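Ready for some practice in reading a protein structure? Work through each exercise on your own before you look at the solution.

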Amino acid sequence: MTTSPQTAAPSRSRVAAASLIGTAIEFYDFYIYGTAAALVLNTAFFPKMDSVAGTLASFSTFAVAFISRPLGSAVFGHWGDRVGRKSMLVVSLLVMGLSTVLIGLLPGYAAIGVIAPVLLVLLRFTQGIGLGGEWGGAALLATEHAPPGKRGLYAMFPQLGPSAGFIVANGLFLILGAVLSDGQFESWGWRLPFVASLLLVVVGLYVRLKISETPVFQAAMDQRRIAKVPFAGLMRHQWRRVLLGAGAMTVAYTLFYTATTYCLAYGTDTLQIPRTTMLALTMVGVVFMAAGTVVSALVSDRLGRRRTLLWGTGVAIAWGLVMFPLMETRSIFLVGLALAGALALMGLVFGPMGAYLPELFKTEYRYSGASVAYSLGGVLGGAVPPLVATGMQAGGLGVMAIGGYVSAMALLSLLCLLALPETGDRSL
């Protein structure tokens, strides 16, 4: 009677490692683009625009991937609900990784003219397709393998992937900024993190090919409970939860991409804080994000997902009004506090989501539902804030307006959470 748990434990350990490593690699790919968009892509691919227009253009290419993510979620979700979680995780990793490598090899505007930004947009779109299928599969891999009462713990691992991926991505940019001159970095140095993604993809594939299909999906297969068109069933029966889940996710995206992508550009260009200093402060903030992710995921197993999320979102409403006054002081300590506070709160609302979104949906279309809700939240909370903040700055509205926008997105998430049920005690 003791052999079954003993043989199951290593399998669960491998699942935790695969979900963490996979999302870390996927988000590494995504974040190096965000960092490059803030630092160099405006001059490499949009050199004929003024600085504000060039920054808006590079952030627009950043936003393209968020727009394509719901499409990727629908496609990967369909097949993930039809043929299994594991196979789609392998395909999504390949799509994302190869697109990233090709961006690193893409000639700039000076070499091939207007074709360069066109190809950049296409590759960025493909990146979003891959990431759209990644998170949902990784979250389901963890939650559908988890024992009762520990789904928050198991789903914590894919939620830690973004912190790990961001630290590696920004760490590389920090090293390159320290060892290369500005000219070298802008000419070719920024490409190295993109090309390095190839090695990470190989590692990720090795890990993912060794995992097993989830027992929940396997049971659905055995019982012939597989929907012919999962997305259609999702829209027919649980469309309201898709929209509310997307709204609940918005605050996490808004906090993260305002603190990292926009504030990186704002701190270096407007506040004249050295690039390496801003990158270092952001990396410290991401450590706080990881801590918040762990704490909230574990607490959600005890207090419930919804209750934990409501607390974090409520504090985020207030922090939006505090964040930019701290930034405006130009004090390194207070700027770091502004970023660390925003990212810690992002972790607090992100940690339980790895279990909460999958728990909202039925097995027959869980991959589709969780993925689409997650990605739609990214359109509003990830693609829009850098564009809105840059536009507000150019229009002279001031940083308090930007902070008000962050608070408004947090309020939207709070209202959506109030309309959703608790799911922590639900059987999958």
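**Exercise 1.** Decide whether L105 is buried, partly exposed or exposed.

*Solution.* Keep in mind that this is a predicted model. Begin with the number: the relative accessible area of L105 is 55%. Next, recall the cut-off: exposed means over 50%. L105 therefore counts as exposed. Now place the residue: L105 belongs to helix α4, which covers residues 85-105. Finally, look across to L192, which is 87 residues away along the chain; the C-alpha atoms of L105 and L192 are 9.2 Å apart.

**Exercise 2.** Describe helix α9 by its span, its kink and its buried residues.

*Solution.* Step one is the span. Helix α9 runs over residues 192-208, 17 residues in total. From first C-alpha to last, α9 reaches 25 Å, close to the 24 Å expected at 1.5 Å a residue. Step two is the kink: α9 has one of about 25°, centred on L198. Step three is burial. P193, F194, S197, V201, G204, L205, V207 and R208 are the buried residues of α9.

**Exercise 3.** Compare the reach of helix α13 with its expected span, then find what follows the helix.

*Solution.* Start with the residues: α13 spans 275-303, which gives 29 residues. At 1.5 Å a residue, 42 Å is expected, and the helix reaches 41 Å, so the two values are close. Then step past the end of α13 to G304, where phi is positive, near 105°.

**Exercise 4.** Is G312 buried or exposed, and how far is its C-alpha from that of S296?

*Solution.* First find G312 in helix α14, residues 305-328. Its relative accessibility is 5%. Because buried means under 20%, G312 is buried. To finish, take S296, 16 residues from G312 along the chain: their C-alpha atoms are separated by 8.7 Å.

**Exercise 5.** Give the number of disulfides, and classify C263 and C416 as buried or exposed.

*Solution.* A disulfide is a covalent bond joining the sulfur atoms of two cysteines. With a cut-off of 2.5 Å between sulfur atoms, the count is zero. For accessibility, C263 has a relative accessible area of 0% and is buried. C416, at 9%, is buried too.

**Exercise 6.** What is the volume of the second largest pocket, and which residues lie closest to its centre?

*Solution.* The second largest pocket holds about 190 Å³ of space. Among its 15 lining residues, A146, P147, P148, R151 and L428 are closest to the centre. Sorted by class, the lining has six nonpolar, five polar and four charged residues.

Definitions and conventions:
Residues numbered from 1 in each chain as written. Predicted model: local features only at pLDDT ≥ 70, side-chain atom pairs only at ≥ 80, totals over all residues. Heavy atoms only, no water. 1 Å grid on protein atoms, 1.4 Å probe; cavity = no way out; pocket = protein on both sides within 12 Å on 5 of 7 lines; lining within 4 Å. Points joined across faces, edges and corners; volume = space filled by probe spheres on them. Nonpolar A, V, L, I, M, F, W, Y, C, P; charged D, E, K, R; others polar. Helix = DSSP H or I, 4+ residues; strand = E, 2+ residues; numbered from the N terminus. Bend = angle between axes of the 7 residues up to and from the residue. Buried < 20%, exposed > 50% of the residue type's maximum accessible area, 1.4 Å probe, protein only.
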